[in-house]
Amino acid sequence: MKKIVLLNLGGTITSVRTQTGGLQSGSMTGAELLADIDLQRDDLDLEVVDVKSIPSNEMTLADMVDIYQAINQQLDRGVDGLVLTHGTDTMEETSYFMDLLLDTPVPVVFTGSQRSILDLGFDGHANIRDAILTACDPASRGQGVLLVFNQEVFTAQGVVKSNSVAIQGFSDPQRGPLGLTYGGRLHYLRQACPRKKLSFDSLAFDNQVYLIKMTLDFNPKLIEALVATGCQGIVIEGLGVGSVPPAVQDQIQVAIEQGLPVVLTTRASQGGVHRVYESKGAAIKLEQVGVILDQNYLTGPEARLKLIAFLASREKGSISELWNQY
């Protein structure tokens, strides 16, 4: 008998329509969500816990701490796996942050839906079924935090919401899916490679870490303004293989000289950051002034959350040296 706990966090999967026709996320409990689902498993002991039921655009770092603690409470009970229902808008961020914090072989699986339970073709029940299937499977142990959606299994690192409305809402542009589900079976295409875990004395996370997306002729005054407001760190989604307009490099250098960590990713969905060009504003020059070049193919939101975690960790004094090891 597999002991699986479903932690309800709200989102579209628990939404209903209001009198004016719009959806109100987080309107159903986890038990109500599962009332009409037939999981067709005799070896399953499923428990539902409502942690918080809110639209995912309302998720905060304080909510992340609550979710992390709720997961650990269940892990302390010796459960075989956890499934978390979450709104799709920020599910990629919550799942990745949990992957940064959690150090357990027990499967922790996120899922949700693109449609509400009263919409034709509701995808929530199928996604929950597949998430439970994934959480139950021994092959899921040690794979890190996972996200299951539309018959595909993804690692928390790399998965993005790539379509705002379609049933196929998530993808991993760099690596593709980790596995597939069909007909009550789970098939892994490859093995995940979980990275080293940060250590924490407290979970006091600071949201004053900013993600900036580079564009043609970007005005560097924005970085100057952020530094002046007490910013704790900056992540740059650079152009191409990692570059910024030349004038932006000067303001980045000022920020670094004032002690702020600055991390460079790319706004491109594939390819990552590379030391190719030596012109001002390119990755080689940026690294010379102290910018951390991300080599883990992180998205901008992932790099922001990772920097937030680093700044709260025991390793915060060695971010530049350790960034690409975690």
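The exercises below work through the sheets, helices and loops of this structure, which is a predicted model.

**Exercise 1. The eight-stranded sheet**

Task: Work out in which order the strands of the open sheet of eight strands follow one another, and which strands stand at its edges.

Solution: Begin with the strand order, which reads β4-β1-β5-β6-β7-β8-β11-β12, in an open sheet with mixed pairing. At the two edges stand β4 (44-50) and β12, and because each has a single partner strand, one side of each is left without a neighbour in the sheet. Next consider the twist: on average, and with direction ignored, neighbouring strands of this sheet are turned by 25° against each other. The mixed pairing can then be followed strand by strand, starting with β6 (residues 108-111), which runs parallel to β7 and is joined to it by two bridges. Within that pair, Phe 110 stands opposite Leu 147 in β7. Finally, helix α3 packs on the sheet, where it touches β6 and β7, and its direction makes about 170° with that of β6.

**Exercise 2. Strand β8 and its two partners**

Task: Describe how β8 pairs with β7 and with β11, and determine which way the side chains of β8 point.

Solution: Take first the pairing with β7 (residues 146-149), which is antiparallel and extends over four bridges; here Leu 147 stands opposite Phe 154 in β8. The two strands form a hairpin with two residues between them. On the other pairing, β8 and β11 (residues 179-182) are also joined in the antiparallel sense, over two bridges, and the bridge partner of Glu 152 in β11 is Leu 180. For the side chains, Glu 152 and Phe 154 point one way from β8 (residues 152-155), whereas Val 153 and Thr 155 point the other way, and all of them are buried.

**Exercise 3. Two residues with a positive phi**

Task: Locate Asn 150 and Asp 217, and decide for each whether the residue is buried, partly exposed or exposed.

Solution: As background, most residues other than glycine have a negative phi. Asn 150, in the loop between β7 and β8, has a positive phi near 50° although the residue is not a glycine. Its relative accessible area is 24%, and Asn 150 is therefore partly exposed, since that class lies between the cut-offs of 20% and 50%. Asp 217 is found in the loop between β13 and α5 and has a positive phi of about 55°. With 67% relative accessibility, Asp 217 counts as exposed.

**Exercise 4. The two faces of helix α5**

Task: Determine which residues of α5 are buried, and why they can be said to line one face of the helix.

Solution: In α5 (residues 221-228), the residues Ile 223, Leu 226 and Val 227 are buried. Viewed down the helix axis, the buried residues fall within an arc of 100°, so they line one face of α5. These buried residues pack against β13 (209-213), β14 (233-238) and α6 (246-257). The face turned away from the buried side carries the exposed residues Lys 221 and Ala 228. After the helix comes Gly 230, whose phi is positive, near 90°.

**Exercise 5. The four-stranded sheet and helix α8**

Task: Set out the order of the open sheet of four strands, and establish what α8 lies across and how α8 packs with α3.

Solution: The strand order is β13-β14-β15-β16, with parallel pairing, and the edge strands are β13 and β16 (292-293), each of which pairs on one side only. Inside the sheet, β14 runs parallel to β15 (residues 262-266) and is joined to it by five bridges, with Ile 236 opposite Leu 264 in β15. Helix α8 lies across β13, β14 and β15 and runs at about 160° to β14. Turning to the helix pair, α3 (residues 91-101) and α8 (residues 300-312) pack at an angle of about 35°, their axes being 10 Å apart, and α3 passes α8 in a right-handed crossing. The contact brings Glu 93, Tyr 96, Phe 97 and Leu 100 in α3 against Pro 301, Glu 302, Leu 305, Lys 306, Ile 308 and Ala 309 in α8; by class, the contact has seven nonpolar, no polar and three charged residues.

Methods:
Residues numbered from 1 in each chain as written. Predicted model: local features only at pLDDT ≥ 70, side-chain atom pairs only at ≥ 80, totals over all residues. Heavy atoms only, no water. Axes fitted to C-alpha atoms, helices over the stretch in contact; angles between N-to-C directions. Left-handed = near helix turned anticlockwise from the far one by under 90°. Contact = heavy atoms within 4.5 Å. Nonpolar A, V, L, I, M, F, W, Y, C, P; charged D, E, K, R; others polar. Buried < 20%, exposed > 50% of the residue type's maximum accessible area, 1.4 Å probe, protein only. Arc of directions from axis to C-beta. Pairing = 2+ DSSP bridges.
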